[in-house]
Amino acid sequence: MTATEKVNILLVDDQPGKLLTYEAILSELGENLIVANSGREALELLLKHDVTVVLMDVSMPELDGFELAEIIHAHPRFQKVAIIFVSAVHLSDMDRLKGYQSGAVDYVPVPVVPELLRAKVRVFTELYRHKRALERLTAELEARVAQRTEELEQSIRGQQRLTNQLLQNDRRKDEFLALLGHELRNPLAPVRNAVTILRMKDAHVDPQVTACVDIIERQTTQLTRLVDDLLDVSRVTQGKISLRSARQDMEEIVQAAIEMSRPLIDTRRHIIHVRADGRPALVLGDATRLTQVISNLLNNAAKYQNEGGRIEVFINASGDEVVTRVRDYGIGVPPEMLEEIFDLFSQADRTSDRANGGLGIGLSLVRSLVELHGGRVSASSDGVGQGAEFVVLLPALHEAKDQPATASADAPPFASPHVVVDGQRVLIVDDNRDAAESLATLLRLRGHEVAVTYDGLDGLRIAGEWQPSIVFLDIGLPTLDGYDVCRQLRASHGDGMQIVAMTGYGMERDKELAREAGFDAHTVKPVDIVMIHQIIADAATR
């Protein structure tokens with residue numbers, strides 16, 4: 001009901017003259033006036049109309065005002081109707097008490113004062129309007145709250161769906177990266193093996209063949225690094241990279257990184273200068289990861305300048321930080337790119353031909369690895385064609401007696417990479433025939449006796465009959481995968497046989513599965529031949 005809508009006022013009296021008087025007095029209010037000549041007629045009209053105020057005489061035949069009021073308020077529909085008694089005789093305190101107990105809200109004495117009657121009725125009509133307005137507002141607020149609640153619930157459900165989708169996409173991304181790494185590493189293994197065979201076969205007698213072998217080796221190494229960087233980015237974002245920290249000298253780290261990047265630097269005929277201020281540049285960190293950081297910056301400097309360029313590396317200890325700067329004089333970085341150059345898949349040179357190559361993941365990995373060490377990295381450039389400088393700041397490690405010894409930046413995973421033991425019995429089980437046969441050729445050239453199979457069940461049969469001292473076992477095999485083959489070999493041969501997983505799957509979970517299955521070692525393709533020889537040497541001395 002709005003403020004302009006009329007309310008119904010019921011006038012009840014057995015004397016028509018009084019009803020006319022009440023109508024005349026209340027007509028100024030502008031409301032709907034309904035008249036009843038008896039209590040029974042009043043009840044009938046109440047059932048037909050929504051009444052706000054009932055003005056009734058107390059003394060009426062058949063059904064007096066007290067009885068009518070009790071009946072009205074006994075009905076759930078009329079409990080909130082305001083009843084005003086008009087009486088000339090029932091005016092004592094007991095009469096009033098009885099009236100209030102029967103449901104009346106007010107008394108008007110006779111003779112009626114028109115202004116007083118209008119005022120009393122107006123109060124109750126306005127109260128009714130305010131009450132209805134409040135109820136309407138409450139209903140609107142409840143509807144809005146309900147609507148907003150539903151919107152919020154829909155938003156929450158949408159966020160949950162989005163979160164679940166993101167989690168699912170993240171899981172699929174990890175699965176895709178693992179599969180991508182496997183699919184890329186599998187063909188890299190036979191290529192690397194073939195290069196090694198060519199070198200062992202004195203291919204250097206023909207300069208052109210030697211040049212081709214060098215090219216294949218460099219490009220295989222580069223592709224292997226791209227695959228490793230891509231998977232490392234995934235590991236960092238998942239928090240799956242743990243650092244093996246020890247005291248490191250950043251000068252030694254830089255030298256190790258230069259050796260790692262040397263093929264690219266030499267191919268592009270760059271000159272590299274390293275300068276240090278002579279003070280100890282010690283940090284606490286993972287040698288492998290810090291070498292990877294500086295190597296990625298060196299590769300970036302080598303790629304983004306013309307051949308015959310210059311790369312400068314500055315190392316200095318400044319207070320509580322060790323600062324390493326890598327400077328090039330190449331294409332530079334546009335100012336608008338400096339803020340996003342460390343973002344994943346970002347490249348300073350965004351030409352359509354992408355002549356400088358790369359996936360745009362190297363600098364993102366640099367930032368992530370530096371931050372894992374509690375440091376920070378920044379880039380600066382005077383603009384396009386003015387070169388660029390990358391600055392790595394790491395917390396300095398000050399000399400102390402209880403500090404751990406420096407770990408070698410390029411320490412191999414085995415004791416000695418140069419030990420070669422001939423005459424071992426080796427079984428290779430790999431469904432990639434090129435990888436299996438090329439590795440077998442390499443090992444035979446070293447004097448080992450080698451058996452090859454491309455099937456898990458056949459591998460079990462040969463191992464049982466031939467009793468090899470070491471088994472290089474692929475994981476993704478037909479008929480029976482490498483995990484099951486390893487478990488069965490362990491069950492039948494115990495620890496007497498060295499079993500090495502040699503696979504394209506290199507995620508941390510893959511390594512855990514390999515350990516659980518009973519593998520002695522887990523290697524990721526393409527496996528360096530030096531590591532292969534060391535594994536065989538370790539097996540021979542067990």
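The accessible surface of this protein comes to about 27400 Å² (Shrake-Rupley, 1.4 Å probe, with only the protein chains shown counting as cover for residues), and 53% of that area belongs to carbon and sulfur atoms. This is a predicted model, where local features need pLDDT of at least 70 and side-chain atom pairs pLDDT 80 or more, while totals for chains, interfaces and linings use all residues. Residues are numbered from 1 along each chain as its sequence is written, and side-chain values use heavy atoms, leaving out hydrogens and water.

Of the 542 residues, 45% count as buried (under 20% relative accessible area; exposed is over 50%, partly exposed in between).

Now for the charged pairs. A search of the whole structure turns up 27 salt bridges, each a side-chain nitrogen of Lys or Arg within 4 Å of a carboxyl oxygen of Asp or Glu. Here are some of them:

| Pair | Closest N and O atoms |
|---|---|
| Arginine 269 and glutamate 307 | 3.2 Å |
| Glutamate 321 and arginine 376 | 2.5 Å |
| Arginine 509 and glutamate 516 | 3.8 Å |

Glutamate 321 sits in strand 10 and arginine 376 in strand 11, so their bridge ties together parts 55 residues apart in sequence (strands are DSSP E runs of at least two residues; helices are H or I runs of at least four, both numbered from the N terminus). Glutamate 321 is partly exposed at 22% relative accessible area, and arginine 376 is partly exposed at 47%.

Arginine 269 is exposed at 53%, and its partner glutamate 307 is partly exposed at 46%. In the third pair, arginine 509 is partly exposed at 44%, whereas glutamate 516 is exposed at 57%.

There's also a salt-bridge network linking Glu28, Glu115 and Arg118.

Conventions. Buried means under 20% relative accessible area, exposed over 50%, partly exposed in between (1.4 Å probe, protein chains only).
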